[in-house]
Amino acid sequence: MSLLVVGSVAFDAIETPFGKTDKIIGGAATFISIASSLFSTKVKLVGVVGGDFPKADIQMLQTKGVDTEGLQIKENEKSFFWSGRYHNDMNSRDTLVTELNVLADFDPIIPASYQDVQFVMLGNLAPAIQRIVLERLDHKPKLVVMDTMNFWMDIALDDLKETLKLVDVLSINDEEARQLSGEYSLVKAAAVIKAMGPKTLIIKKGEHGALLFGNDGSEEKIFFAPALPLADVFDPTGAGDTFAGGFIGYLAAHNDTSFSSMRKAIIYGSALASFTVEAFGTERLQSLTKVELDARVGQFAELVKF
Ligand code: AMP
């Protein structure tokens, strides 16, 4: 099944206790596209970059089978830029800079050849733009997954709530779930957020794994996916996007949105994210093979088998 991915395609500058990068490529849609392209899914990207974005990196996406017809290039403008600094525990970070640049007036144009998509991944982006993407599809997709962050809760909460009404799955971290719901207990937070629209909610807990709140038929269900205990976490940037890309990539490849399929998809997402954090930016993800991914999924199975 084909998958539409929309989100930031960006330059990032990252500081961790292990080092610092100059501008490297990043962005939610970049991580999501590379991750989901590992599955037998046709990935169709919608985004915008400036003339400063390296053409070689667009070609890298194309080599991975990502359709970039919907990636607009504004030759005389600058790409979105984000900079962050991680704390010593690597679980929390401060955003140092967010320069929207080309994203400030992004008009997401959906090429006609994308109108057959059945799965949609709304990566991190202004919620009003995420909504426009859905409005511009001439049919209702089989599954819409949305990611967002505290930045949009702070400055565009009403828009965010409108978009939430249109999505099937929301993926956010524990801190964001608490901010959005006003509840500390994640079980209570999940109930509040599900009432806002999405029938399924994923709450990511960094190195402590992720919770999936969904429904199996009429029964409410919770599933827990661990994160692989890693000796070294080098750079967590993009872990959440990689996770989301793996999750929806798996579902689209199997054309199955049942709760049991989502349980497997969340393990694939977690396994993929465990690679992303092993190097700066998209470096490790770019070299990753499906064979390596399958082996790591086996490690996850071993980790929780009793
Ligand atoms: P993650 O670590 O998975 O939360 O995502 C990190 C990616 O999100 C980075 O590559 C950034 O370029 C991108 N990002 C950060 N802030 C924003 C924002 N406000 N809108 C869109 N993308 C963003």
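In this predicted model, strands E11 (residues 169-173) and E12 (residues 200-204) pair in the parallel sense, with five bridges between them. One of the bridge partners can be picked out by name: Leu170 is matched with Leu201 in E12. On its other pairing, E12 is joined by four bridges to strand E13 (residues 210-216), and here the two strands run antiparallel. Ile202 has Leu212 of E13 as its bridge partner, while Lys204 stands opposite Ala210 in E13. The hairpin of E12 and E13 has five residues between the strands, and within this hairpin Gly206 adopts a positive phi near 55°.

How many residues of E12 are buried? The count is five of five, and the strand is accordingly described as mostly covered. In a regular strand, side chains alternate between the two faces of the sheet. In E12, Thr200, Ile202 and Lys204 point one way and Leu201 and Ile203 point the other way, and all are buried. Lys204, the residue opposite Ala210, is thus listed among the buried residues along with its neighbours in the strand.

Zooming out, E12 belongs to an open sheet of nine strands with mixed pairing, ordered E6-E5-E1-E9-E10-E11-E12-E13-E14. Strand E6 (67-74) and strand E14 (219-225) stand at the edges; each has a single partner strand, so one side of each is left without a neighbour in the sheet. On average, and with direction ignored, neighbouring strands of this sheet are turned by 15° against each other. Helix H3 (residues 127-135) lies across three strands of the sheet, namely E1 (2-6), E9 (119-122) and E10 (143-147), and runs at about 165° to E9.

Attention now turns to the helices. Two packed helices are described by the angle between their axes and the distance between the axes. Helix H1 (residues 28-36) packs with H8 at an angle of about 40°, the axes being 7 Å apart. An oblique arrangement of H1 and H8 therefore results, and their crossing is right-handed. H1 contributes Ala28, Phe31, Ile32, Ala35 and Ser36 to the contact, and H8 contributes Asp241, Thr242, Gly245, Gly246 and Gly249. By class, this contact of H1 with H8 comprises four nonpolar, five polar and one charged residues. H1 is itself mostly covered, with nine of its nine residues buried; among them are Phe31 and Ile32.

H8 (residues 239-254) also packs with helix H9 (residues 259-276), at an angle of about 140° and with the axes 7 Å apart. H8 passes H9 in a right-handed crossing. The H8 side of this contact includes Thr242 and Gly246, two residues that also take part in the contact with H1. Across from them, the H9 residues include Met262, Ile266, Tyr268 and Leu272. The contact of H8 with H9 has eleven nonpolar, six polar and one charged residues.

H9 in turn meets helix H11 (residues 290-304): their axes come within 9 Å and cross at roughly 110°. H9 and H11 are therefore roughly perpendicular to each other, and H9 passes H11 in a right-handed crossing. Tyr268, Ser270 and Leu272 are among the H9 residues in this contact, and they are also listed where H9 meets H8. From H11, the contributors are Glu292, Leu293, Asp294, Arg296, Val297 and Phe300. Grouped by class, the contact of H9 with H11 holds eight nonpolar, two polar and three charged residues.

Methods: Residues are numbered from 1 along each chain as its sequence is written. This is a predicted model: local features need pLDDT of at least 70, side-chain atom pairs count only at pLDDT 80 or more; totals for chains, interfaces and linings use all residues. Side-chain values use heavy atoms; hydrogens and water are left out. Axes are lines fitted to C-alpha atoms, for helices over the stretch in contact, and angles run from 0 to 180 degrees between N-to-C directions. A crossing is left-handed if the near helix is turned anticlockwise from the far one by less than a right angle, and right-handed if clockwise. Contact means heavy atoms within 4.5 Å. Ala, Val, Leu, Ile, Met, Phe, Trp, Tyr, Cys and Pro count as nonpolar, Asp, Glu, Lys and Arg as charged, and the others, Gly among them, as polar. Angles under 35 degrees count as roughly parallel, over 145 as roughly antiparallel, 65 to 115 as roughly perpendicular and the rest as oblique. Buried means under 20% relative accessible area, exposed over 50%, partly exposed in between (1.4 Å probe, protein chains only). Two strands pair if DSSP finds at least two bridges between them.
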